[in-house]
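This report walks through the pockets, sheets, ligand surroundings, cavities and unusual backbone points of one model. Please keep the structure open while reading.

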Amino acid sequence: NQALDKLSKQNTNWVMQTKDYSSTHYSELYDINITNVQNLKPAWSFSTGVLNGHEGGPLVVDGIMYVHSPYPNNVFAIDLNNPDKILWQFKPKQNPAARAVACCDVVNRGLAYAPQGKDYPATIFLNQLDGHVVALNAKTGELLWKMENSDIAMGSTLTVAPFVAEDKVIVGTSGAELGVRGYATAYNIKDGKQAWRVYATGPDEDIKLSKDFNKANPHYGQFGLGLKTWEGDAWKIGGGTNWGWYAYDPDLRMLYYGSGNPAPWNETMRPGDNKWTMTIWGRDIETGEAKFGYQKTPHDEWDYAGVNYMGLSEQKVNGKMTKLLTHPDRNGIVYTLNRENGDLVNAFKIDNTVNWVKHVDLKTGLPVRDPEYSTRMDHEAKGICPSAMGYHNQGIESYDPNKQLFFMGVNHICMDWEPFMLPYRAGQFFVGATLNMYPGPKGTLGQVKAMNGVTGEFEWEVQEKFAVWGGTTATAGDLVFYGTLDGYIKALNSKTGEELWKFKLPSGVIGHPITYKHEGKQYVAIYYGVGGWPGVGLVFDLKDPSAGLGAVGAFKELAHHTQMGGGVMVFSL
Ligand SMILES: O=C(O)c1cc(C(=O)O)c2c(n1)C(=O)C(=O)c1cc(C(=O)O)[nH]c1-2
């Protein structure tokens with residue numbers, strides 16, 4: 001979508017969750033910078049009236065801020081000339097049964113915006129937890145169309161942010177913890193008609209493999225594997241949902257995203273590689289056809305769902321400028337691929353505490369495992385790093401193209417894991433493992449790290465008490481902004497990692513900061529509202545470390561630092 005691409009490059013606006021198609025989350029604004037950031041003060045704030053985890057960030061388009069909430073997924077358009085004024089609001093009526101089948105809090109990763117086109121007005125897209133995709137007139141809030149994408153009766157919800165590319169809006173699925181067979185769908189912006197749908201498992205026609213699928217890397221696997229790498233019909237309830245982030249290359253016209261974990265978590269119930277769960281996809285935007293697919297964790301044993309951040313950059317590889325995709329995976333490995341053909345350029349550990357894998361063989365693309373940390377029936381595997389939350393979960397990271405550095409919020413959590421057998425029942429949890437999580441060997445639950453995605457070198461690292469769940473935002477003011485679970489927004493010097501500013505928010509953060517300019521002044525905005533998977537430390541039985549799918553063990557301390565809340569806070573000099 002050329003108009004959106006252009007708008008995303010005007011740094012006065014913030015029009016996509018990922019900031020731009022490359023997902024740089026980097027702003028060229030520098031009025032707020034390392035010399036004055038310590039003077040940043042609250043300018044105004046707005047409560048969404050909803051508790052639960054607030055993921056993603058607001059959008060800013062031409063003087064309007066679009067704010068969303070977790071379930072019930074309220075949307076507000078706020079006039080930046082007078083933030084006292086709500087221009088319109090949309091409060092959907094939803095089936096509350098959706099709440100019971102969401103795995104990890106009733107989160108929503110944000111709105112998408114499409115500028116006015118030939119046959120549609122400027123549009124805001126919202127994914128509702130109950131599985132509906134909604135298009136709203138951006139000026140008036142009027143409902144333009146509504147489609148059912150996911151069926152909550154089958155345990156499928158929607159938490160992913162919609163993503164606008166060309167004349168389509170891309171939507172994923174959630175529910176691999178309930179045996180949902182994952183797919184991504186493209187709808188036409190103008191009327192919501194389905195343009196294509198692609199699955200992660202099953203027959204090649206459903207997965208939509210192009211004729212030259214993985215031609216450059218046949219060893220990744222080619223045809224027939226969505227059936228052959230499963231026993232019997234297990235692929236039908238085999239997971240592979242996508243609820244993370246998309247990226248798009250308008251020159252190659254290719255869409256990138258990751259499919260998630262196979263279902264159930266208990267690996268003994270699904271022998272085989274379980275293709276194409278845990279896969280980085282490069283697909284044609286017009287047809288949805290896959291040009292390449294690289295499976296990072298064949299036959300996953302730890303819930304290392306690979307849907308996270310896809311950061312596109314152009315950097316030199318062996319002296320040649322190359323179009324790259326960098327993906328910090330849940331499994332603790334950072335993968336950098338050539339995004340034209342899927343070639344593996346590098347794969348390295350986030351740090352040397354990652355122990356399920358010794359290294360990734362760059363020739364075969366396969367992880368070389370350490371059997372000590374494998375999981376199996378009648379055995380409690382201990383000290384597995386990362387935990388099922390991954391060293392990197394749902395945060396959007398940032399990339400400073402001048403420094404050629406990615407800034408990553410990291411979880412540093414390990415776990416014990418014991419599988420158990422269970423039957424599949426449609427619409428019910430289908431996990432089959434008892435987990436207990438705790439801080440990793442470095443002693444804290446989180447870090448922020450500056451990383452070169454090509455060389456695998458880390459420039460600096462800072463420790464955080466809790467996981468850095470929401471990701472980072474970088475600016476040309478040599479700053480990296482991020483929020484913490486215990487409720488701070490912080491600014492670091494992106495050259496050194498030195499902390500320059502922080503402010504304590506009403507509740508913890510699991511979303512990402514944004515920055516924009518209005519009437520000549522630069523602002524930074526962020527959602528507060530702790531929740532998501534780590535937020536279980538606030539709502540479950542804190543005496544049972546395996547509650548919240550094992551997360552309570554790691555996050556029981558959180559309740560001593562913050563409580564639930566929900567809203568946006570805006571800062572300026
Ligand atoms: O497999 C899935 O379909 C699915 C969905 C979601 C979700 O929709 O939020 C999460 C996960 N898995 C998951 O594995 C996970 O770690 C997770 C964390 C969060 C969160 O918002 O904090 N959601 C999800």
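## Largest pocket

The largest pocket holds about 470 Å³ of space. Its lining counts 23 residues, and the closest to the centre are Lys9, Asp20, Ser22, Thr24 and Glu314. Three elements give two or more residues to this lining: α1 (2–9), β15 (247–249) and β19 (311–317). By class, the lining has 10 charged, seven nonpolar and six polar residues.

The model is predicted. All of the values here are computed from it.

## Second largest pocket

The second largest pocket has a volume of about 400 Å³. Its lining is made of 25 residues. Nearest the centre lie Cys103, Asp105, Val536, Phe540 and Gly548. At least two lining residues come from β29 (433–439), and at least two from α5 (536–539).

What classes of residue make up the lining of the second largest pocket? There are 16 nonpolar residues, seven polar and two charged.

## Sheet β11-β12-β13-β14

Strands of a sheet pair through backbone hydrogen bonds, in either a parallel or an antiparallel way. Here four strands form an open sheet, in the order β11-β12-β13-β14, and the pairing is antiparallel. The edges are β11 (163–165) and β14 (194–199). Each has a single partner strand, so one side of each is left without a neighbour in the sheet. On average, neighbouring strands of this sheet are turned by 20 degrees against each other, direction ignored.

Five bridges join β13 (residues 183–188) to β14 in the antiparallel sense. In one pairing, Ala184 has Val198 of β14 as its bridge partner.

## Sheet β2-β38-β37-β36

Another open sheet has four strands in the order β2-β38-β37-β36, again with antiparallel pairing. Why is one side of β2 and of β36 left without a neighbour in the sheet? Both β2 (41–47) and β36 (514–518) stand at the edges with a single partner strand each, so one side of each has no neighbour in the sheet. From one strand to the next, the twist averages 25 degrees.

β2 pairs with β38 (residues 567–572) over six bridges, in the antiparallel sense. Pro42 has Phe571 of β38 as its bridge partner.

## Around the ligand

The ligand has 19 residues around it. Those that come nearest are Glu55, Thr159, Ser174, Gly175 and Glu177.

Several side chains place polar atoms by the ligand's oxygens. An N or O atom in the side chain of Thr159 is 2.6 Å from an oxygen atom of the ligand. For the side chain of Glu177, the distance from an N or O atom to a ligand oxygen is 2.8 Å. Asn393 has a polar side-chain atom 3.0 Å from an oxygen atom of the ligand.

## Cavities

How many cavities of 30 Å³ or more are there? The count comes to two. The largest cavity has a volume of about 270 Å³. It is lined by 26 residues, and Cys103, Cys104, Arg109, Glu177 and Trp243 lie nearest its centre. Cys103 also lies among the residues nearest the centre of the second largest pocket, and Glu177 is one of the residues that come nearest to the ligand. The lining of the largest cavity has 11 nonpolar, nine polar and six charged residues.

The second largest cavity holds about 100 Å³ of space. Of its 14 lining residues, Met16, Gln17, Ala112, Pro162 and Phe163 lie nearest the centre. β7 (112–114) and β11 each supply at least two residues of this lining. β11 is also an edge strand of the sheet β11-β12-β13-β14. The lining of the second largest cavity divides into 12 nonpolar residues, two polar and no charged.

## Backbone points

Where do the cis peptide bonds sit? One runs from Tyr71 to Pro72, with omega near 15 degrees. Pro72 is placed in the loop between β4 (64–68) and β5 (75–79). Another cis bond runs from Lys275 to Trp276, with omega near 0 degrees.

Trp276 is in the loop between β16 (254–258) and β17 (279–284). Met278 is also found in the loop between β16 and β17. Met278 has a positive phi of about 55 degrees, although it is not a glycine.

Conventions:
Residues are numbered from 1 along each chain as its sequence is written. This is a predicted model: local features need pLDDT of at least 70, side-chain atom pairs count only at pLDDT 80 or more; totals for chains, interfaces and linings use all residues. Side-chain values use heavy atoms; hydrogens and water are left out. On a 1 Å grid over the protein atoms alone, a cavity is a set of points where a 1.4 Å probe fits but cannot get out, and a pocket is an open set with protein on both sides within 12 Å along at least five of seven lines; lining residues have an atom within 4 Å of a point. Grid points are joined across faces, edges and corners, and a volume is the space filled by probe spheres set on the points. Ala, Val, Leu, Ile, Met, Phe, Trp, Tyr, Cys and Pro count as nonpolar, Asp, Glu, Lys and Arg as charged, and the others, Gly among them, as polar. Two strands pair if DSSP finds at least two bridges between them. Axes are lines fitted to C-alpha atoms, for helices over the stretch in contact, and angles run from 0 to 180 degrees between N-to-C directions. A residue is near a molecule or strand if one of its heavy atoms lies within 4 Å of it. A polar contact is a pair of N or O atoms within 3.5 Å; within protein, one must be able to donate a hydrogen and the other to accept it, and residues adjacent in sequence count only if both atoms are side-chain atoms.
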